[in-house]
Amino acid sequence: MSQQYGPPQNQYQQPVQPPQHQGGWGPGPGYPAHYRPGGRKNRRTQWIVIVGAVLAVVLIATGAVLLVTSGKKDNPAAPVAGATLTPAPVGTMYTPPAPSPTETQITKGPYDKGVEIGGGVWFTPAKGWIKDPDTTRSGHSYLLPEPGRPGAIDGYFWIRQTKLMGAKQFAEHLVDVESNNLDHVVIGKGSFRPCPNKALKLCYATNYSAVVPVKGKKPVVFSGFVQAFEDHTGQTTATDAALQREVWPKRKQEILNMNGTLVRSF
C-alpha cells in the first residue's frame, strides 16, 4: 500500500493553536498561508474589474471615433471622368429650351437681276425707262420720258412693298391713292388671279383709267393697272403701272415684261 500522509497511527500530537489576533479575523484551520477565506470571490471581483476596465477603454475609444466622425462632414467625392453631372428630367416637368428665332436667309437666285427691291425681289427696267429723280417717293419708281417735252412722261412703273396689308387690300389702297389727283377715274373690277410663282401665296389685280389735267394744254388720258403679290413670308409687293392712251398699244409690252422680271425673282 502507498504511504498515507498524516500523523503516525496510535500517536497523539498536540494541535498547534494559532496565534490570536486582536480585533481581526485570522485564517481558518487547514487553509494554506497564501489563501484566505473568500479568495475565490476576490478573484472573480478582480476579473470583473479587469473586464470592466477593458470595456470602458473600448467604449471611450468608440465614443471618441463617433465624436470625431459626427462632428466633421464628409467632403463630396470628386466626379469621375465620364460621369454625368446633369440630373435626368423628371416626368413632364422638364421643358427643353426653345431655340432662338433666326431670320430667314435670303440668297440671290438666277432671276435676281437689275434693281433690288427688297426681301429677295428684283426687277429689270426696260430700255428707255429712267429712275425717278424724285427721291421723296416711297418704293422704286421708273419713268418713261415723253419725247420732245422736257419734264413730261409717257408712263411710269412704280413698285412698293408692305407687311401691313394683304394682296387685295394693298392693290385697292394704291388705286385709291393714285386716283386722288386725277379726273374721270374709272376703276375696273379687281379679282384674285392664279399666281405664276410657287413662292407666292395670293395674287390680286385690278385696272383703271383716268384723266390727268395739264394747265394750258390738252388733258392727258392714262390707262394702267395694279398687281399685288403676297408671298409666304407675309410680305406684299405691288406694281403700279400706267401709260398715256396714245402710246399704250406700242409700249404696254414693256411694262408687262418688267412685271414679269419681278414675278420670276420671288
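Visitor: Leaving aside the neighbours within four places in sequence, which residues is Ala171 in contact with?

Guide: Ala171 is in contact with Tyr204, Val226 and Ala228. Please note that this is a predicted model. Contact here means heavy atoms within 4.5 Å. Ala171 and Tyr204 are 33 residues apart in sequence, yet their C-alpha atoms are 7.1 Å apart in space.

Visitor: Is Ala171 called buried or exposed, and how do you know?

Guide: Ala171, which belongs to helix α2, has a relative accessible area of 0%. A residue is buried under 20%, and therefore Ala171 is called buried.

Visitor: What makes Lys168 and Glu172 a salt bridge?

Guide: The rule asks for a side-chain nitrogen of Lys or Arg within 4 Å of a carboxyl oxygen of Asp or Glu. In this pair the distance from N to O is 2.9 Å, so the rule is met. In general, side chains of opposite charge can pair when their charged atoms come close. Both residues lie in helix α2 (residues 167-178), 4 residues apart, which is about one turn of the helix.

Visitor: Why are Lys168 and Glu172 called partly exposed?

Guide: Lys168 has a relative accessible area of 35%, and Glu172 has 36%. Partly exposed covers the range between 20% and 50%, so the term applies to Lys168 and to Glu172.

Visitor: How many salt bridges are there by this rule, and which residues are linked in a network?

Guide: The count is 7 salt bridges. Asp132, Asp134 and Arg137 are linked in a network. Within it, the closest N and O atoms of Arg137 and Asp132 are 2.5 Å apart. Arg137 is partly exposed at 39%, whereas Asp132 is buried at 8%.

Visitor: Where does Arg137 stand in relation to the largest pocket?

Guide: The largest pocket holds about 590 Å³ of space. Of its 22 lining residues, Arg137 is among the closest to the centre, together with Ile153, Tyr156, Leu182 and Val212. Two or more lining residues come from each of β4, β5, α2, β8 and β9. The largest share, 4 residues, is given by β5. By class, the lining has 12 nonpolar, 4 polar and 6 charged residues.

Visitor: How do you know whether the span of α3 agrees with what is expected?

Guide: With 17 residues at 1.5 Å a residue, α3 should span 24 Å. Its end C-alpha atoms are 24 Å apart, so the two values agree. Within this helix (residues 248-264), Glu254 and Arg251 are 3 residues apart, about one helical turn, and they form a salt bridge with closest N and O atoms 2.9 Å apart.

Visitor: Which elements help to cover the buried residues of α3?

Guide: The buried residues include Arg251, Ile255 and Met258. Their cover includes β2, β4, β5, β8, β9 and β10.

Visitor: What makes the phi of His184 worth noting?

Guide: Most residues other than glycine have a negative phi. His184 is not a glycine, yet its phi is positive, at about 50°. This residue is in strand β6 (residues 183-187). At 65% relative accessibility, His184 is over the 50% cut-off and is therefore called exposed.

Technical notes. Residues are numbered from 1 along each chain as its sequence is written. This is a predicted model: local features need pLDDT of at least 70, side-chain atom pairs count only at pLDDT 80 or more; totals for chains, interfaces and linings use all residues. Side-chain values use heavy atoms; hydrogens and water are left out. Buried means under 20% relative accessible area, exposed over 50%, partly exposed in between (1.4 Å probe, protein chains only). On a 1 Å grid over the protein atoms alone, a cavity is a set of points where a 1.4 Å probe fits but cannot get out, and a pocket is an open set with protein on both sides within 12 Å along at least five of seven lines; lining residues have an atom within 4 Å of a point. Grid points are joined across faces, edges and corners, and a volume is the space filled by probe spheres set on the points. Ala, Val, Leu, Ile, Met, Phe, Trp, Tyr, Cys and Pro count as nonpolar, Asp, Glu, Lys and Arg as charged, and the others, Gly among them, as polar. The expected span of a helix is 1.5 Å times one less than its number of residues.
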